[in-house]
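Biologist: I should like a close look at a single part of this model. Please take one residue as the starting point and work outward from there.

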Amino acid sequence: MIQTLSFFFCRPHLFGMSHSDKSLRVASYNIRKAKGLDRRRDPMRILNVLNGLEADVIALQEADRRMGARPSVLCRSMIDAETDFEVVPVARNDVSLGWHGNAVLVRKGMPYGKVTHIDLPGLEPRGAVRVDLPRFSLVATHLGLMRRHRAGQLRAIARAVEGCSHAVVAGDFNEWSPHKGLEVLDAFDIHAPGHSFHAARPIAALDRIAVSPGLVVRKAGVVQEGPARHASDHLPIWADIA
């Protein structure tokens with residue numbers, strides 16, 4: 001089931017922005033509820049990592065606690081005061097930053113349009129959010145632990161971007177294989193910039209960014225320096241998309 005929350009709808013030709021050679025940096029980061037490898041919950045450390053990404057758009061996973069009303073682990077006022085980002089209103093209550101833990105940050109001043117909530121099938125509650133941005137629609141997601149469930153979840157995401165001129169899917173795909181499990185997105189160019197899990201000893205490329213035809217990833221990478229090495233059990237990834 002796909003549900004929408006309407007603000008205003010962005011198309012790529014609006015706001016003076018066209019498909020030019022200029023790229024936008026999209027990042028994805030599973031912040032593990034701000035709990036680092038030292039077992040300390042340190043939101044400011046996460047914000048320092050986000051500042052270092054130099055991104056235009058960031059998809060966050062596990063941005064909210066798992067139980068109850070799922071309050072955010074990152075304070076909105078701290079994000080506003082300590083970063084150049086603002087929170088896209090994807091939450092459905094006043095205490096969460098995201099939906100099913102998926103949050104989206106955009107650089108201050110970047111316009112955004114309609115937000116779509118995408119219910120994902122599986123044993124455990126999962127969801128994704130689509131945010132329409134000036135150059136493409138971004139889907140931020142955290143896929144399930146079992147491949148057969150991930151296949152259904154990816155089909156739901158693919159349906160959610162049907163008819164979209166350009167789309168980017170970013171998040172923790174939870175797929176250990178470099179060759180299998182993502183066939184549903186065969187129309188997309190899927191990038192795993194490098195090993196992003198486990199931060200203490202990166203051995204798996206679980207975090208990915210997929211772009212639809214018409215978009216090109218010019219550069220991509222994994223941040224393995226500074227506080228990112230111990231702020232979460234995942235390392236953040238990024239891609240410059242034109």
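Biologist: Is Glu 175 buried or exposed, and at what relative accessibility?

Modeller: The model is a predicted one. In it, Glu 175 counts as buried, because its relative accessibility is 1% and the limit for a buried residue is under 20%. The side chain of Glu 175 meets that of Arg 147 in a salt bridge, with 2.8 Å from N to O. Glu 175 belongs to the loop between strand E9 (167–172) and strand E10 (189–191), whereas Arg 147 lies in helix H3, so the pair ties together parts that are 28 residues apart in sequence. Arg 147 itself counts as partly exposed, at 38% relative accessibility.

Met 146 is found in the loop between strand E8 (137–142) and helix H3 (147–160). Met 146 is partly exposed, its relative accessible area being 35%. Together with Leu 123 and Leu 145, Met 146 forms a nonpolar patch on the surface, and the accessible area of the three residues is about 350 Å².

The salt bridge of Glu 175 belongs to a wider set, for the structure holds 14 salt bridges. One of them joins the side chains of Arg 66 and Glu 124, at 3.5 Å from N to O. This pair links distant parts of the chain, 58 residues apart: Arg 66 is in the loop between E3 and helix H2 (76–82), and Glu 124 is in the loop between strand E6 (115–120) and strand E7 (126–132). Arg 66 is partly exposed, with a relative accessible area of 47%, and Glu 124 also counts as partly exposed, at 23% relative accessibility. Glu 124 forms a salt bridge with Arg 126 as well, where the closest N and O atoms are 3.0 Å apart. Arg 126 counts as buried, at 12% relative accessibility. Elsewhere, a network of salt bridges links Asp 38, Arg 40, Asp 42 and Arg 45.

Burial can also be followed in a strand. All five residues of E13 are buried, so this strand is largely enclosed by the rest of the structure. Ile 237, Ala 239 and Ile 241 lie on one side of E13, with Trp 238 and Asp 240 on the other, and both faces are covered. E13 belongs to an open sheet of six strands with mixed pairing, in the order E4-E5-E3-E2-E13-E12. Five bridges join E13 to E2 in an antiparallel arrangement, with Leu 24 and Ile 241 as bridge partners. E12 and E13 likewise pair in the antiparallel sense over five bridges; here Ala 220 has Ala 239 as its bridge partner, and Gly 221 stands opposite Trp 238.

Notes
Residues are numbered from 1 along each chain as its sequence is written. This is a predicted model: local features need pLDDT of at least 70, side-chain atom pairs count only at pLDDT 80 or more; totals for chains, interfaces and linings use all residues. Side-chain values use heavy atoms; hydrogens and water are left out. Patches are made of residues with over 30% relative accessible area and no salt bridge: like charges are joined within 9 Å, nonpolar side chains (Val, Leu, Ile, Met, Phe, Trp, Tyr) within 5 Å. Accessible areas come from the Shrake-Rupley method with a 1.4 Å probe; for residues, only the protein chains shown count as cover. A salt bridge is a side-chain nitrogen of Lys or Arg within 4 Å of a carboxyl oxygen of Asp or Glu. Helices (H or I, at least four residues) and strands (E, at least two) are DSSP runs, numbered from the N terminus. Buried means under 20% relative accessible area, exposed over 50%, partly exposed in between (1.4 Å probe, protein chains only). Two strands pair if DSSP finds at least two bridges between them.
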